[in-house]
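Visitor: I have a structure to go through. Can we take it question by question?

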Amino acid sequence: MIDLIGYIFIGIGITFDFIGCLGLVRLPDLYNRLHASIKCVTFGTCGIMLGVFVIHGFTDVGIKAIFCALFLLLTAPVSAHAISRAAHLSGVKPWEKSVCDHYEKDK
Amino acid sequence: MKSRALSFLLAFVFWVALTWSLDWQYLLTGVIISLFIAWAVGDILTRNPWKFKQHARYIWAVYYIWVFIWEMVKGNIDGAYRILHPGLPIKPGIVKVKTNLRSDSALTYLANTITLTPGTFTVDVDSENGYLYVHWMNVETEDIDKATEIIIGKYEKILGKIFE
């Protein structure tokens, strides 16, 4: 029973990882692609880690999985800021159908 | 000094949890590495160690974690919907958001929360004037006050109670 719940979590995680990769192909520009790669892939990988924790419980494997998810949650957004800011400073233009760009205005 | 002691404790707890063994060789290695970490970067962990003694902050932190997980799930379902929809219903743009938070850790967590919740991520922080530049996948309003209410209205108060 516990194995089944763990596999369900892992399945959800893999689905979101797949959707994130799909978004990387489908969305129009760098900033929108970052949305897909940061949110969906972080959530998906955390789901997989949670599934591993549910299956293995409080053993060395399970605890390591939980800490991996925690570190991923702390570091993935930071890499998103770094990539998007660097891209904007070096002149990557947003998609031409973008509504507004207040960052460009204030620079 | 208190900051160094706290970072030693934190590093050691992480080490014990990661190795998950009480063998004396692991513990000795952990003590040595934690001491090195405390010596090298311990003084930047916190400037006001007395904040760790106020219990109300921990209660707000637990509440914040639940709010954050719920928003993250909602954000991912929203993002997945926009990616899978054949018409690609997006209206992207970078908007400006005003915040009253001033301390570094509060701003860091606010930026991270914005990044992991529905349709938004932080591009840059102007900590002197208290502005965040947020890329929004589906811009509902360009007005600073309204965008502030929609994007960070829920988290700002809680984070202020935890970190300020």
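Guide: Start with one term: two residues are in contact when heavy atoms lie within 4.5 Å. Keep in mind that this is a predicted model.

Visitor: How many residues does each chain give to the contact between chain A and chain B?
Guide: Count the two sides separately. The two chains bury about 3,800 Å² between them, and 72% of that is on carbon and sulfur atoms. The contact takes 42 residues from chain A and 40 residues from chain B.

Visitor: Which residues of chain A lose the most area to chain B?
Guide: The total buried between chain A and chain B is about 3,800 Å². Three residues stand out on the chain A side, together making up 17% of what that side buries. They are A:Arg26, A:His35 and A:Lys39.

Visitor: How many salt bridges join chain A and chain B, and which residues form them?
Guide: The structure holds four salt bridges over all chains. Between chain A and chain B the count is one. Its N to O distance is 2.9 Å, inside the 4 Å cut-off. The partners are A:Arg85 and B:Asp124.

Visitor: Which elements hold B:Asp124 and A:Arg85?
Guide: In the salt bridge of B:Asp124 with A:Arg85, the closest N and O atoms are 2.9 Å apart. The pair crosses between chains. B:Asp124 sits in strand 2 (residues 120–126) of chain B, and A:Arg85 in helix 3 of chain A.

Visitor: How many residue pairs are in polar contact between chain A and chain B, and which element of chain A gives the most residues to that side?
Guide: There are eleven residue pairs in polar contact, both residues at pLDDT 80 or more. On the chain A side, the elements giving two or more residues are helix 1 (2–26), helix 2 (30–56), helix 3 (60–89) and helix 4 (102–106). The element giving the most, with 15 residues, is helix 3 of chain A.

Visitor: How do the residues on the side of chain A that touches chain B divide by class?
Guide: Sort them into three classes. That side of chain A has 25 nonpolar, ten polar and seven charged residues.

Visitor: What is the orientation of helix 3 of chain A to helix 1 of chain B?
Guide: Their axes are 7 Å apart, and the helices pack at an angle of about 130 degrees. That angle is neither over 145 nor within 65 to 115 degrees, so the helices are oblique to each other.

Visitor: Which residues meet there, and how do they divide by class?
Guide: From helix 3 of chain A come A:Asp60, A:Ile63, A:Lys64, A:Phe67, A:Leu70 and A:Phe71. From helix 1 of chain B come B:Phe14, B:Ala17, B:Leu18 and B:Thr19. By class, that is seven nonpolar, one polar and two charged.

Visitor: Is helix 2 of chain A roughly parallel or roughly antiparallel to helix 3 of chain A?
Guide: The two axes lie 8 Å apart, at an angle of about 175 degrees. That is over 145 degrees, so the answer is roughly antiparallel.

Visitor: What is the orientation of helix 3 of chain B to helix 4 of chain B?
Guide: The axes come within 9 Å and cross at roughly 30 degrees. Under 35 degrees, the pair counts as roughly parallel.

Technical notes. Residues numbered from 1 in each chain as written. Chains lettered and ligands numbered in written order. Predicted model: local features only at pLDDT ≥ 70, side-chain atom pairs only at ≥ 80, totals over all residues. Heavy atoms only, no water. Buried area = accessible area lost by both parts, 1.4 Å probe. Salt bridge = Lys/Arg side-chain N within 4 Å of Asp/Glu carboxyl O. Polar contact = N/O pair within 3.5 Å; in protein donor to acceptor, adjacent residues only side chain to side chain. Helix = DSSP H or I, 4+ residues; strand = E, 2+ residues; numbered from the N terminus. Nonpolar A, V, L, I, M, F, W, Y, C, P; charged D, E, K, R; others polar. Axes fitted to C-alpha atoms, helices over the stretch in contact; angles between N-to-C directions.
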